[in-house]
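Visitor: Before we start, I would like to understand the reasons behind the words that people use when they describe a protein model.
Guide: Then let us look at the structure together and take those words in turn.
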Amino acid sequence: MVSVLWLVCATLVVQVTLGCPNGWETFDGSCYFVSDIREDWPTASSTCGLYHAHLAEIESAREDTFLKQIISKYHDGHSNDAEYWLGGADIFVEGDWRWVYSDQLFSYTNWYPGEPNSYHNQQEDCLIVAIRQNREYRWDDRPCKEQNNFICEIGDSSGAIVIG
Ligand SMILES: [Ca+2]
Ligand SMILES: [Ca+2]
């Protein structure tokens, strides 16, 4: 039994040492997964949780630029807008935008002009990043029940990758 436990621990250490799981992108101590399925925000959040991840949280302009690059890569060749849920929301207090997993108020932001607008009072309480037809990349608030692609992240701004 002891040797089995040792093997499990050793396997986890190897995974952390080697970096991100297969199919995930690596940047600055975090791992990112770009989904090709569409779910509402709460479901997308749960799906990330199944992989011991959370919806991606952007703490810096560098991380924002990296996400723009991977979205561009995955969306290359599609003519429609690219829109992906991130882990930000103002569900409980209107205008109080937070990264839900780390429970931090937004410090860095990159909203489209006029956003967040809670358009026509439709309770746009969840955050997407979008690349629109004009190739511009920015953030927008959208109704949480909308079905969108999403990005999961393992790790946090401390740069540590936590497994389990
Ligand atoms: Ca992050
Ligand atoms: Ca909006």
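Visitor: Which residues touch the most other members of the largest nonpolar core?
Guide: This is a predicted model, and in it Leu67, Leu86, Trp139 and Ile151 touch the most other members of that core, which has 22 residues. At least two residues of this core come from each of β2 (30–34), α3 (61–75), β4 (82–89), β7 and β8, and α3 gives the largest share, with 4 residues. There is also a second, separate core of 18 residues, which includes Trp85, Tyr112, Ala130 and Phe150.

Visitor: How do you know which atoms are the protein donors of the calcium ion (ligand 2)?
Guide: An oxygen atom counts as a donor to calcium if it lies within 3.2 Å, and the protein donors here lie 2.2 to 2.5 Å from the ion. They are Glu115 (OE), Asn117 (OD1), Glu124 (OE), Asp140 (OD), and both the O and the OD of Asp141. Along the sequence, the donor residues follow the spacing E-x1-N-x6-E-x15-D-D. Glu124 belongs to the loop between β6 (104–105) and β7 (126–131), while Asp141 sits in strand β8 (residues 137–142), so this pair ties together parts that are 17 residues apart in sequence.

Visitor: Why is the arrangement of the 6 donor atoms around the calcium ion (ligand 2) called irregular?
Guide: For six donors to count as octahedral, opposite ones must be over 155 degrees apart, whereas the angles around this calcium ion run from 67 to 147°. The arrangement is therefore irregular.

Visitor: What makes Glu124 count as buried or exposed?
Guide: A residue is buried when its relative accessible area is under 20%, and Glu124 has 6%, so Glu124 counts as buried. Asp141, at 1%, counts as buried because of the same cut-off.

Visitor: How do you know that Cys20 and Cys31 form a disulfide?
Guide: Two cysteine sulfur atoms must lie within 2.5 Å for the name to apply, and those of Cys20 and Cys31 are 2.1 Å apart, so the pair is a disulfide. Cys20 lies in the loop between α1 (2–18) and β1 (25–27) and Cys31 in strand β2, and the link therefore ties together parts that are 11 residues apart in sequence. Both Cys20 and Cys31 are buried.

Visitor: Why is the disulfide of Cys20 and Cys31 called left-handed or right-handed?
Guide: The torsion about its S-S bond is about -90°, so this disulfide is left-handed. The disulfide of Cys48 and Cys152 is left-handed as well, because its torsion is about -85°, but the link of Cys126 and Cys144, with 95° about the S-S bond, is right-handed.

Visitor: Where in the chain do Cys48 and Cys152 lie?
Guide: Cys48 is in helix α2 (residues 41–50) and Cys152 in strand β9 (residues 149–154), so that distant parts of the chain, 104 residues apart, are linked. Cys48, at 0% relative accessibility, counts as buried, and Cys152 is buried with 3%.

Visitor: What makes Cys144 count as buried?
Guide: The relative accessibility of Cys144 is 15%, and since the cut-off is under 20%, Cys144 counts as buried. A disulfide joins Cys144 to Cys126, with an S to S distance of 2.0 Å.

Visitor: How many disulfides does the structure hold?
Guide: The structure holds 3 disulfides, and their pattern is 1-2, 3-6, 4-5 when the bonded cysteines are counted along the chain.

Terms used. Residues numbered from 1 in each chain as written. Chains lettered and ligands numbered in written order. Predicted model: local features only at pLDDT ≥ 70, side-chain atom pairs only at ≥ 80, totals over all residues. Heavy atoms only, no water. Donors = N, O, S within 2.8 Å, 3.2 Å for Na, K, Ca; no water. Tetrahedral: all angles 85-135°; square planar, octahedral: opposite > 155°, others 65-115°. Buried < 20%, exposed > 50% of the residue type's maximum accessible area, 1.4 Å probe, protein only. Core = buried A, V, L, I, M, F, W, Y, C linked by side-chain atoms within 4.5 Å.
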